[in-house]
Amino acid sequence: MKKLLITRVIAPSVIADAKARFDVTVRQTGAGMTLDEAAEALASYDAILPTLGDDFSADAFARAGAPRCKVLANFGVGYNHIDAAAAKAAGVAVSNTPDVLTDATADIGMTLLLTAARRTGEGERMVRAGKWKGWGPGGIMGTHVSGKTVGIVGMGRIGQAVARRCHHGFGMPVLFYNRSPKTVDVPARQVADLAEMLGAVDFVVVTVPGGAQTRNLIDAAAFRAMKPSAIFVNIARGEVVDEAALIEALRSGQIAAAGLDVFVNEPDVPLALREMENTVVVPHLGSATAETREAMGRMALDNVIAWAEGRPLPQAV
Ligand code: DGY
């Protein structure tokens with residue numbers, strides 16, 4: 001029986017199916033795998049089902065030498081924690097879990113956008129603290145969402161799902177920035193210049209993949225380009241944003257608010273972001289519905305099974 005390492009506890013039904021076909025080890029900790037652990041796993045298992053936070057960097061492959069492992073079936077669409085080029089050079093196939101988490105992640109984008117715009121986080125904190133003095137025409141005043149313009153950075157599957165929600169649900173004009181030209185099934189205008197797009201919209205939603213090509217794509221200059229009333233939402237990866245520049249933009253009033261699902265050094269979230277009232281901070285919940293997480297596990301396992309049966313990986317990256 002082939003040895004399979006599943007690096008986190010995932011849906012029991014998926015683990016049960018995995019156990020029916022493979023000699024399965026499930027890592028019981030919630031912490032990501034260190035470089036040493038990743039290298040050791042590459043040398044010890046035939047297949048690995050890793051996820052975000054596991055350090056499958058070029059160094060891990062270098063340490064593992066000629067790895068026993070032949071497939072990394074990532075649990076998650078983003079695989080910036082795996083050096084795909086180093087994996088390929090070492091003869092390790094890599095797959096991910098696109099599509100199944102698109103809606104859940106777009107929903108978190110809308111949750112953050114609405115929460116930041118309507119200040120419901122602040123309102124909830126006020127009620128929970130027993131500080132609400134009753135309804136009045138003043139008080140916590142949000143900003144309108146319907147009909148305002150959204151700008152989406154990265155028009156992949158998740159960007160398009162956000163665009164559909166904004167257009168069909170909230171009647172919002174949609175602008176987007178994408179590296180390559182893109183035709184989408186919702187009225188949306190592609191803007192070639194990022195700063196130009198950022199300056200033209202009321203809400204910015206970032207959905208680009210992480211990795212070297214997008215590191216600090218949203219930097220101090222990008223925040224300077226935004227309207228002072230802009231609300232900034234990140235459901236991509238923390239490293240896409242210069243976090244210090246974001247904090248400064250929020251502090252100085254360069255932008256109005258931010259809704260953040262992802263951070264540079266997860267699970268550490270800078271104190272400044274946790275303390276400001278005009279931030280909404282949630283713990284990387286993009287794909288966190290029971291249905292989605294089960295579908296992600298099943299898709300990752302299907303890729304391991306395809307490899308074991310000598311078939312091409314359905315979601316090879
Ligand atoms: C994803 O699938 O990329 C999620 O962000 C979890 O890694």
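Biologist: About how much space lies in the second largest pocket?
Modeller: This is a predicted model, where local features need pLDDT of at least 70, side-chain atom pairs count only at pLDDT 80 or more, and totals for chains, interfaces and linings use all residues. Residues are numbered from 1 along each chain as its sequence is written, and side-chain values use heavy atoms, leaving out hydrogens and water. On a 1 Å grid over the protein atoms alone, a pocket is an open set of points with protein on both sides within 12 Å along at least five of seven lines. Its volume is the space filled by probe spheres set on the points, which here gives about 280 Å³.

Biologist: How does the lining of that second largest pocket divide by class?
Modeller: Lining residues have an atom within 4 Å of a point, and they include Trp-132, Lys-133, Trp-135 and Pro-137. Lys counts as charged, while Gly is among the polar residues. The lining therefore divides into six nonpolar, five polar and one charged.

Biologist: Let's visit the ligand. Which residue has a side-chain N or O atom 2.7 Å from a ligand oxygen?
Modeller: Leu-52, Val-77 and Leu-101 are among the residues around the ligand, each with a heavy atom within 4 Å of it. For polar contacts, pairs of N or O atoms within 3.5 Å, Gly-78 offers a polar backbone atom at 2.8 Å from a ligand oxygen. Arg-237 brings a polar side-chain atom, also to an oxygen, at 2.8 Å. At 2.7 Å, the side chain belongs to His-284.

Biologist: And what volume does the largest cavity have?
Modeller: A cavity is a set of points where a 1.4 Å probe fits but cannot get out, and one of 30 Å³ or more is counted. Asn-234, Glu-243 and Phe-263 are among the residues lining the largest cavity, and by class its lining has six nonpolar, two polar and one charged residues. Its volume is about 40 Å³.

Biologist: Which residues make the one aromatic pair found in the whole structure?
Modeller: Rings pair if their centres lie within 6.5 Å; planes under 30 degrees apart count as stacked, over 60 as edge-to-face and the rest as tilted. This pair is edge-to-face, at 5.2 Å and 75°. Both members have 0% relative accessibility, so they count as buried (under 20%; exposed is over 50%, partly exposed in between, with a 1.4 Å probe on protein chains only). They are Phe-223 and Phe-232.

Note on methods:
Phe/Tyr/Trp six-rings, centres within 6.5 Å; stacked < 30°, edge-to-face > 60°. Polar contact = N/O pair within 3.5 Å; in protein donor to acceptor, adjacent residues only side chain to side chain.
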